[in-house]
Amino acid sequence: MVEKTRKEGRRLKRRKSISKATRQKVLDKYGGHCAYCGKILDLKTLRVDHLHPHYRGGEDSFDNYMPSCFQCNFYKSTFLLEEFREEMSTLHERIVKPFIVRLGLDYGIIKIEPFNGKFYFEEVE
């Protein structure tokens, strides 16, 4: 497989293109839901995430593919699953920092709950 060079000097394997049939199978893994937050997806909104990030040596294989929404795929980025879990476990603390959010909390407009530590795919398995 052809390698490409990143600015940091790391050499990565080029990602292989994922066929529509494989994308459909990834989407079906958890009944059309994002593996992380549980949002309902379709082929247009599906982002195929690498559970073990490609950037960190993860394989381009069906077993390593997870159905993901744009937000979860973007936020997970190159985190390992446990690193992503740690980030999510402190999200409720970071989310309340902007003034507008604190105002919404004071007026009872919004309610923020901590992440329960389980991703959608762990709750449905």
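From the N terminus onward, the elements of the protein chain follow the order β-β-α-β-β-α-α-α-α-α. The model is a predicted one. Its secondary structure comprises six helices and four strands. The protein chain has 125 residues, of which 28% are buried.

Helix α1 covers residues 20-28 and contains Lys25. The relative accessible area of Lys25 is 55%, so this residue is classed as exposed, the cut-off for that class being over 50%. In space, Lys25 lies 9.8 Å from Tyr65, C-alpha to C-alpha, while 40 residues separate Lys25 and Tyr65 in sequence.

The loop between α2 and α3 holds Ser77. The backbone of Ser77 has a phi near 50°, a positive value in a residue that is not glycine. Most residues other than glycine have a negative phi. With a relative accessible area of 43%, Ser77 is partly exposed, since that class lies between the limits of 20% for buried and 50% for exposed residues.

The largest pocket has a volume of about 340 Å³. Its lining is formed by 20 residues, and those closest to the pocket centre are Tyr36, Cys37, Met88, Leu91 and Phe115. Four helices each supply at least two residues of this lining: α2 (70-76), α3 (81-89), α4 (91-95) and α6 (120-124). Divided by class, the lining of the largest pocket consists of 13 nonpolar, three polar and four charged residues.

A nonpolar patch of about 750 Å² is present on the surface. The residues that make this patch are Phe99, Ile100, Leu103, Leu105, Tyr107, Ile109 and Ile110. One of them, Leu103, is found in helix α5, which runs over residues 99-106. Leu103 has a relative accessible area of 31% and is therefore partly exposed. This value also satisfies the requirement for patch residues, because residues in a patch must have over 30% relative accessible area.

Considered together, the residues examined individually differ in setting. Lys25 is an exposed residue of helix α1, Ser77 is a partly exposed residue of the loop between α2 and α3, and Leu103 is a partly exposed residue of helix α5.

Conventions
Residues numbered from 1 in each chain as written. Predicted model: local features only at pLDDT ≥ 70, side-chain atom pairs only at ≥ 80, totals over all residues. Heavy atoms only, no water. Patch = residues over 30% accessible without salt bridge, like charges linked within 9 Å, V, L, I, M, F, W, Y side chains within 5 Å. Areas by Shrake-Rupley, 256 points an atom, 1.4 Å probe, with all protein chains shown as cover. Salt bridge = Lys/Arg side-chain N within 4 Å of Asp/Glu carboxyl O. Buried < 20%, exposed > 50% of the residue type's maximum accessible area, 1.4 Å probe, protein only. 1 Å grid on protein atoms, 1.4 Å probe; cavity = no way out; pocket = protein on both sides within 12 Å on 5 of 7 lines; lining within 4 Å. Points joined across faces, edges and corners; volume = space filled by probe spheres on them. Nonpolar A, V, L, I, M, F, W, Y, C, P; charged D, E, K, R; others polar.
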